[in-house]
2 protein chains.
Amino acid sequence: MKNISIKEIAKLSGVSTATVSRVINNNGRFSEETRQKVLRVMEETGYQMNYSAKTLRMNKSFSIGILVPDITNYFFANVVEKIETILFDQGYSTIICNTGRNVEKEAAYLSMLEGKMIDGLIIISGADEFEFQVQNDKKTIPYICIDREPKEKNKTVFVSSNHYQGAFEAAEHLLQQGVKHPIIVMHQRNSSSAKERLDGFKDALKKNNYSFNPDKHRLDFNLDSSHDKKSLQEFLQQQNDVDGLFAINDDIALNILDYLREFEVAVPAQMKVIGFDNVPAGQHSAPRLTSINQDTQKIAEMATSSLIKLIDGNKEIQGEISLVPVQLIRREST
Amino acid sequence: MKNISIKEIAKLSGVSTATVSRVINNNGRFSEETRQKVLRVMEETGYQMNYSAKTLRMNKSFSIGILVPDITNYFFANVVEKIETILFDQGYSTIICNTGRNVEKEAAYLSMLEGKMIDGLIIISGADEFEFQVQNDKKTIPYICIDREPKEKNKTVFVSSNHYQGAFEAAEHLLQQGVKHPIIVMHQRNSSSAKERLDGFKDALKKNNYSFNPDKHRLDFNLDSSHDKKSLQEFLQQQNDVDGLFAINDDIALNILDYLREFEVAVPAQMKVIGFDNVPAGQHSAPRLTSINQDTQKIAEMATSSLIKLIDGNKEIQGEISLVPVQLIRREST
């Protein structure tokens, strides 16, 4: 099949090259009849757009990049999958990049995505505030942040679950179930969602007349199984009246259920446990895990609609912060 | 920051534009001293490569596409994450595309990836054989298939877990544990891995003098929870001596553990259950799930090294089929 030019398409369709270009880019005025005619000729001749060349000319690629720290994480994978579905229906391809929580890799993928002429960018989570260091200031790429605060808040939209609310409700749920000494189990990763969850937990304690003391109410895991088991055991020996535990995520909560089973601590009789994320494994664990559900569909909808508005030049939404409500899912562990 | 040209970089570095181009593309001969000098000038001037323009000129983008049916699937996400890590270390960016098991979407992403000038492509799973319909025959993109048979086997490399072996061992394990009436629980998705697993199960039965009868030994789920629970219940009523169950994947196996708990069928005492994939949830379930582990690291290593060989023009490996061994992980459910 020979490579056919827009000029030839125009000739065969009986329209100008400018019209063919408008049809290809779905941009500007043309009749439905013209559109059908041009598309038919393109199909018959097997015309294929060279997206790169087109991109260079038209400055629009109909592709959107996503930076995600870890696609093996249930919450991240679900948000990405839902974003992709919505964007595809709107005519955009999604380029997913896995940064492995690595700052250098993130920079490399940002540069790659700029080179691929993406129309917009979605940043999911990660350490620190996000700042888009555009090297070439002739062009700025609209972006929105999910679960990660942007440095230039007035240029973008920030979408996040209400992590504070979720943690607050988790702590209050423990107290309502009769827990007298609740603790939070954190990991050492730096993220805005982790900070919010810690704040929600602390404020729930405060509201219920506990004064939060890190030595008494907080345990940090380092996500190494044997180390974490030992540190939980030591913590529970030192603070031997702990009877309720909020884990910063379900992966940690599920490991804790295993450790407690080994320590012969009965859940929920002696210890109530609640997680965050509502991963499917929590529905099969023994006991089944109480958790906080994040509304990934809503997050995906808000993120995509905001990004498309920014791409379309709507600057009014810049600076918006959308907090998506979360939901307590009660199961056997509390 | 103004947009600087290669010509200016060359002038400032005191070398020819051809040398700058060689340094940028890490291609051809130049001294380390020259390289450092050019890179320093590029850094100082804030030169940014226009990857698309570069791609058009050099015909190499250092990016590789991956088509994956569903990134929320544990096995797929893990293989992709490991491939990305290996490729990044070798200087390639990975563009992950989620096809949602949708044929049209797959075609759209293939076309997008072609437009983005990827150097190579990895296809993971999916229905039917994979055929790369290159519209523009001036260029062919090397690709390899994981868990999906390529149509033109002699042009590519096929990498897969040994699903047949895994299913064979799973069935034999059930029989060795005293199971007299084993069944396989399938889903209705069409995939080469599902076919291999069914064949392995059948052959293990045959070796042990069972004649496989679909009515007696096979149940099909349609992945709708209430329907599946009912069909399992009816099957077990009709075939009331079933005492061992091999689920085609762990997600199905974990649901079955829940259903059996509801039916008050004791696992493993009355029913032994084994899954496939070794998902983390199986380590937390009640009882913990016996499963077949796929070596995602090995699969990722074989896939990437084969693809890079194909990109580098090594045609000798075309037609290779790599079957990666799997491993039985025994836990409480058998």
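Angles under 35 degrees count as roughly parallel, over 145 as roughly antiparallel, 65 to 115 as roughly perpendicular and the rest as oblique. Keep that scale handy for the close-ups of this predicted model.

**Figure 1. Helices α10 and α11 of chain A meet at an oblique angle.** Here you are looking at α10 (residues 225-238) and α11 (residues 250-263) of chain A, whose axes come within 10 Å and cross at roughly 60 degrees. On the scale above, α10(A) and α11(A) are therefore oblique to each other. Their crossing is right-handed. From α10(A), the residues to look for are A:S225, A:D228, A:K229, A:L232, A:Q233 and A:L236, and their partners on α11(A) are A:I256, A:Y259, A:L260, A:E262 and A:F263. Sorted by class, this contact has six nonpolar, two polar and three charged residues.

**Figure 2. Helices α7 and α8 of chain A form another oblique pair.** The axes of α7 (residues 163-176) and α8 (residues 192-207) in chain A come within 7 Å, with a crossing of roughly 40 degrees. This pair, too, is therefore oblique, and α7(A) crosses α8(A) in the right-handed sense. On the α7(A) side, you will find A:H163, A:Y164, A:A167, A:F168, A:A171, A:E172 and A:L175 in the contact. Across from them, α8(A) contributes residues including A:E196, A:R197, A:F201 and A:L205. The class count for this contact is eight nonpolar, three polar and six charged residues.

**Figure 3. Helix α6 of chain A meets helix α5 of chain B.** This view takes us across to a second chain: the axes of α6 (residues 103-115) of chain A and α5 (residues 74-89) of chain B come within 12 Å and cross at roughly 80 degrees. That angle makes α6(A) roughly perpendicular to α5(B). The contact brings A:K105, A:A108 and A:Y109 together with B:E84, B:T85 and B:F88. Among these residues, three are nonpolar, one is polar and two are charged.

**Figure 4. Chain A, with its three assigned domains, puts the close-ups in context.** The domain assignment gives domain 1 (6-49), domain 2 (63-161 + 296-324) and domain 3 (163-293). Between the C-alpha centres of domain 1 and domain 3 of chain A, the separation is 60 Å. Chain A contains twelve helices and twelve strands. Its radius of gyration is 25 Å, well over the 20 Å that the globule rule gives for 334 residues, so chain A is more spread out than a compact globule. Along its principal axes, the C-alpha trace of chain A spans about 85 × 40 × 30 Å.

Note on methods
Residues numbered from 1 in each chain as written. Chains lettered and ligands numbered in written order. Predicted model: local features only at pLDDT ≥ 70, side-chain atom pairs only at ≥ 80, totals over all residues. Heavy atoms only, no water. Domains from an automatic or database assignment. Axes fitted to C-alpha atoms, helices over the stretch in contact; angles between N-to-C directions. Helix = DSSP H or I, 4+ residues; strand = E, 2+ residues; numbered from the N terminus. Left-handed = near helix turned anticlockwise from the far one by under 90°. Contact = heavy atoms within 4.5 Å. Nonpolar A, V, L, I, M, F, W, Y, C, P; charged D, E, K, R; others polar. Rg over C-alpha atoms; globule rule 2.2 N^0.38 Å.
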